[in-house]
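Student: Can we go through this one together? I'd like to start with a contact and work outwards.

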Amino acid sequence: MKLSREELKSLMKNKLMQAGLHEDHADTTAEILTWSDERGYHSHGSVRVEYYSERIFKGGITVDPKFTWTQTGPCSGIFDGDNGIGYVIAKEGMEKAIQLAKENGIGVVGMTNMSHSGSIGYYTEMAANEGLAAISFCQSDPMAVPYGGAEPYYGTNPISFAAPTADDRKVVFDMATTVQAWGKILDKKSRHESIPADWAVGVDGAPVTDPNLVNALVPISGAKGYGLMMMVDVFSGVLLGVPFGGHVSSMYHDLSEGRRLGQMHIVMDPNRFVGAEKFKKDMSQCLDEIGNIKPAPGFDKVNYPGERAEERKKKAYATGGIEIVDEIVEYMRSSDIHYNRYDHKNRFAE
Ligand code: NAI
């Protein structure tokens, strides 16, 4: 069913508060989840509220975290989140990185001991809104094989870049480093449909098309995507001293334990390079030129990263609101707690 932005955000906020999150943290989390749903990134929107509520209720997300900021150099620092809700930690970490970049030209902030922070494009877009360029990397739980391997080691380890333009457009490139999210495989399974052979592998590491036989996801573009996936973990895990690779905690293993995840934001002030005005002007020109490229057969237009998400958002509001699965809305409107759905499930929450 379709919901207005206000109703969607307030349903999520109320549910998170019912589970024990304080209002300010629930508000920030609901705002970022709404950002995802309104852009059509439903895998990282309201569908997650039930899981977060269970983890909050069971103590695996600290509701009164003691955040610690340690500035380690003129441009760098570590933000320890005390296993609080990841959305607030990633947002406050980005605010620090923006401040450092404005003061010193570059800001590099590592966040440690956090929980899941959702669509990481939200955070890089914060920097682009300030006229800055940004990159963010974060860890997720092991469910993808390294190229050539038959066993999972890395997560879907996303990476996001963002840059401003001279107009109201922003480039927000935001992707998992696996071909598909696990949610897409679950969806195919529920519809009794096969999956393309380049999405996942079975227990022997060979490609499978039957979603019931999936043991792990695969990196995008073979060895190149595997290299990216690994370097995301190097920057957001190994470099920060949190558990890395196959040691990263599972999303669903023990909901009473903090996840100890890492994330890294890097923000650059164009004034320390080409100059802010020229950077933004040239970015606008670049997007205009890309948009004017003749489309290939089967395409209407060449899009820049983030453009289709913005179009989905505009379309949602022009057609009566954000489409949310009925079952999720019913859960959020009900007084039900459902605090026993995810705990100790395997890494795919089956
Ligand atoms: P996706 O495959 O929908 O899009 C990836 C990127 O490609 C986007 O920047 C999009 O703008 C761009 N794109 C897609 N089609 C395009 C086209 N036709 N022309 C130009 N650009 C195009 O995204 P994906 O990989 O499914 O990730 C979805 C979300 O999941 C992201 O927000 C990501 O941050 C989040 N995520 C978060 C994780 C976490 O642990 N926190 C783990 C994995 C993903």
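**A serine, a strand and a ligand**

Tutor: A polar atom of the side chain of serine 115 lies 2.9 Å from the backbone oxygen of glycine 84. Keep in mind that this is a predicted model.

Student: Where does serine 115 sit in the chain?

Tutor: Serine 115 is in the loop between strand 4 and helix 5 (121-129).

Student: Is serine 115 buried or exposed?

Tutor: Buried, because its relative accessibility is 3%, and the cut-off for buried is under 20%.

Student: And glycine 84, what is its bridge partner in strand 4?

Tutor: Methionine 114 is the bridge partner of glycine 84 in strand 4. Strand 3 (residues 76-84) pairs with strand 4 over 6 bridges, in the parallel sense.

Student: How does the chain get from strand 3 to strand 4?

Tutor: Through helix 4 (residues 86-104), in a right-handed β-α-β crossover.

Student: Which strand pairs with strand 4 in the antiparallel sense?

Tutor: Strand 10 (residues 261-268) does, over 7 bridges. One residue pair to look at there is valine 108, whose bridge partner in strand 10 is isoleucine 266.

Student: Why is strand 4 described as largely enclosed?

Tutor: Strand 4 covers residues 106-114, and 7 of its 9 residues are buried, so the rest of the structure largely encloses it.

Student: OK, switching to the ligand. How many residues surround it, and which are closest?

Tutor: There are 19 residues around the ligand, and the closest are Gly118, Ser119, Asp174, Ala176 and Gly306.

Student: What is the make-up of that shell by class?

Tutor: The shell has 9 nonpolar, 8 polar and 2 charged residues.

Student: Which strand gives the most to it?

Tutor: Strand 7 (residues 170-175), with 4 residues.

Student: Aspartate 174 was on your list of closest residues. What is the distance from its side chain to a ligand oxygen?

Tutor: A polar side-chain atom of aspartate 174 is 2.5 Å from an oxygen atom of the ligand.

Student: What about histidine 44 and glycine 306: how far are they from a ligand oxygen?

Tutor: For histidine 44, a polar side-chain atom lies 3.2 Å from an oxygen atom of the ligand. With glycine 306 the contact is through the backbone, where a polar atom is 2.8 Å from a ligand oxygen.

Student: Last one. How much of the ligand's accessible area does the protein cover?

Tutor: On its own the ligand has 860 Å² of accessible area, and the protein covers 76% of that.

How values were computed: Residues numbered from 1 in each chain as written. Predicted model: local features only at pLDDT ≥ 70, side-chain atom pairs only at ≥ 80, totals over all residues. Heavy atoms only, no water. Near = heavy atom within 4 Å. Polar contact = N/O pair within 3.5 Å; in protein donor to acceptor, adjacent residues only side chain to side chain. Areas by Shrake-Rupley, 256 points an atom, 1.4 Å probe, with all protein chains shown as cover. Helix = DSSP H or I, 4+ residues; strand = E, 2+ residues; numbered from the N terminus. Nonpolar A, V, L, I, M, F, W, Y, C, P; charged D, E, K, R; others polar. Buried < 20%, exposed > 50% of the residue type's maximum accessible area, 1.4 Å probe, protein only. Pairing = 2+ DSSP bridges. Right-handed = clockwise from strand over helix to strand, strands pointing away.
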